[in-house]
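User: I would like to go through this structure with you, beginning with how it is divided up. Could you take me through it?

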Amino acid sequence: MSAWQSFIEHPLFAIGLTLLAFQAAVALYQRSGWLVLQPVLVGMLLIVAVLVLCGIDYRDYRQDAEPIAWLLGPATVALAVPLRQNLARIRQLFWPIVITLVVAGVLTVAVTLAICWLLGASDALAMSLAPKSVTMPIAMLVAEQIGGVAALAAVMVMLTGVIGTALGPLLLGLARVEHPAARGFSYGLNAHAIGTAHALQENQECGAFAALAMSLLGVVTAVLMPWLLG
Amino acid sequence: MLKGLFVLVLLQLLGATASALWLPMLPGPIIGLMLLLVGLMFRGSVPEPLQQAAAVLLKYLPLLLMIHAAGIMTSYELLLGELGVVMAALLASLLVTIPVCGWLLQFLARRMGAMDK
């Protein structure tokens, strides 16, 4: 086995690659000042590029990166902390939150399905796209129940998250949305965890409302979408 | 810090158990999030170790997400055939919903604020 082979096949290669890709993506984001270059988007592209160049299967990478990757579960649970710290604000805005959740949640699914219908997409594709704005494990389960493909739904969720987060600051700026709660709610509702990760960096209230929108839309979608579209 | 991480892991475990037994439509971490929020509402404040663990994990949330996001490479073939429709639907829904969602909540929040005064 060549030195290069043993280097890239070592289990630590995956962890080293992940840490390096993250730091490179964050440095690029901060130095360039371009909000489109979201760290998750750039980091993901770096990881995929290296894996493809080195001929490494994603499953092998994922297995070796597990010592870091498992923390996503506890990190999701940890979103309860900013939610708790902004609970007074959330209670105060209870009705605006409910109304926005219903209107924006229905709107995003309606626009998606309308475009699918206009462009003649197959039912399987349309139903894989319908739950694209919610967090991945929920979207995969829901897609399967309504006649979509779970693997395809997973890709849509990721694309929506990275593209939504990249476009978010620009679109919210154009619509003159300055209210931190409103910005956060839009990030979480449209780009789930990836939007929430960005919102937490804008400020704490923004992050809390993103986590709120992500969890509310996730739960509502999981309960209602199979019933409405199934 | 470790006490906090333990609490988060424990709640994810409880969430996963609840998901396996009673709520198959909701993933374990999401149920864990809701359980922790309910617990913290009763407790009144966030304990220091939990706050520290949450701050570290949430700071590195993009790092954790990019590992999972790279999974896109396993099913890109599924995507390539229908890339046009996918991108059109995805972009249209984001271009409409991101500004509408933000604008609506801001409008309703400001209107409520104005009525309270």
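Analyst: Domain bounds here come from an automatic or database domain assignment. On that basis chain A has domain 1 (3-70) and domain 2 (78-229). Please keep in mind that this is a predicted model.

User: How far apart are the centres of domain 1 of chain A and domain 2 of chain A?

Analyst: Taken over C-alpha atoms, the centres of domain 1 of chain A and domain 2 of chain A are separated by 26 Å. Their contact involves 6 residues from domain 1 of chain A and 8 residues from domain 2 of chain A. On the side of domain 1 that touches domain 2, there are 5 nonpolar residues, 1 polar residue and no charged ones.

User: And what is the secondary structure of chain A?

Analyst: Chain A comes to 14 helices and 0 strands. The radius of gyration of chain A is 19 Å, close to the 17 Å that the globule rule gives for 230 residues, so chain A is as compact as a globular protein of that length. Along the principal axes, the C-alpha trace of chain A spans about 65 × 40 × 30 Å.

User: Turning to chain B, how many helices and strands are there?

Analyst: Chain B contains 6 helices and 0 strands. Is chain B compact or spread out, you may ask next? With a radius of gyration of 20 Å, well over the 13 Å that the globule rule gives for 117 residues, chain B is more spread out than a compact globule. The C-alpha trace of chain B spans about 50 × 50 × 30 Å along its principal axes.

User: Which domains does the assignment give for chain B?

Analyst: The assignment gives domain 1 (1-73) and domain 2 (75-117) for chain B. The C-alpha centres of these two domains of chain B lie 26 Å apart.

User: Now the interface. How many residues does each chain put into the contact?

Analyst: Chain A contributes 86 residues to the contact and chain B contributes 65 residues. On the side of chain A that touches chain B, the largest share, 16 residues, comes from helix α12 (residues 150-174) of chain A. By class, that side of chain A has 65 nonpolar, 17 polar and 4 charged residues.

User: Any helix pairs across it worth describing? What about α9(A) and α6(B)?

Analyst: Helix α9 (residues 94-118) of chain A packs with helix α6 (residues 83-116) of chain B at an angle of about 160 degrees, and their axes are 8 Å apart. Angles over 145 degrees count as roughly antiparallel, and α9(A) and α6(B) are therefore roughly antiparallel to each other. The crossing of α9(A) and α6(B) is right-handed. Their contact has 20 nonpolar, 5 polar and no charged residues.

User: And α13(A) with α4(B): at what angle do they pack?

Analyst: Helix α13 (residues 180-202) of chain A and helix α4 (residues 61-69) of chain B pack at an angle of about 160 degrees, with axes 9 Å apart. That makes α13(A) roughly antiparallel to α4(B). The crossing of α13(A) and α4(B) is left-handed.

User: Which residues meet there?

Analyst: From α13(A), Ala193(A), Ile194(A), Ala197(A) and Leu200(A) meet Leu61(B), Pro62(B) and Leu65(B) of α4(B). By class, the contact of α13(A) with α4(B) has 7 nonpolar, no polar and no charged residues.

Terms used. Residues numbered from 1 in each chain as written. Chains lettered and ligands numbered in written order. Predicted model: local features only at pLDDT ≥ 70, side-chain atom pairs only at ≥ 80, totals over all residues. Axes fitted to C-alpha atoms, helices over the stretch in contact; angles between N-to-C directions. Helix = DSSP H or I, 4+ residues; strand = E, 2+ residues; numbered from the N terminus. Parallel < 35°, antiparallel > 145°, perpendicular 65-115°, else oblique. Left-handed = near helix turned anticlockwise from the far one by under 90°. Nonpolar A, V, L, I, M, F, W, Y, C, P; charged D, E, K, R; others polar. Contact = placed C-beta atoms within 7 Å. Rg over C-alpha atoms; globule rule 2.2 N^0.38 Å.
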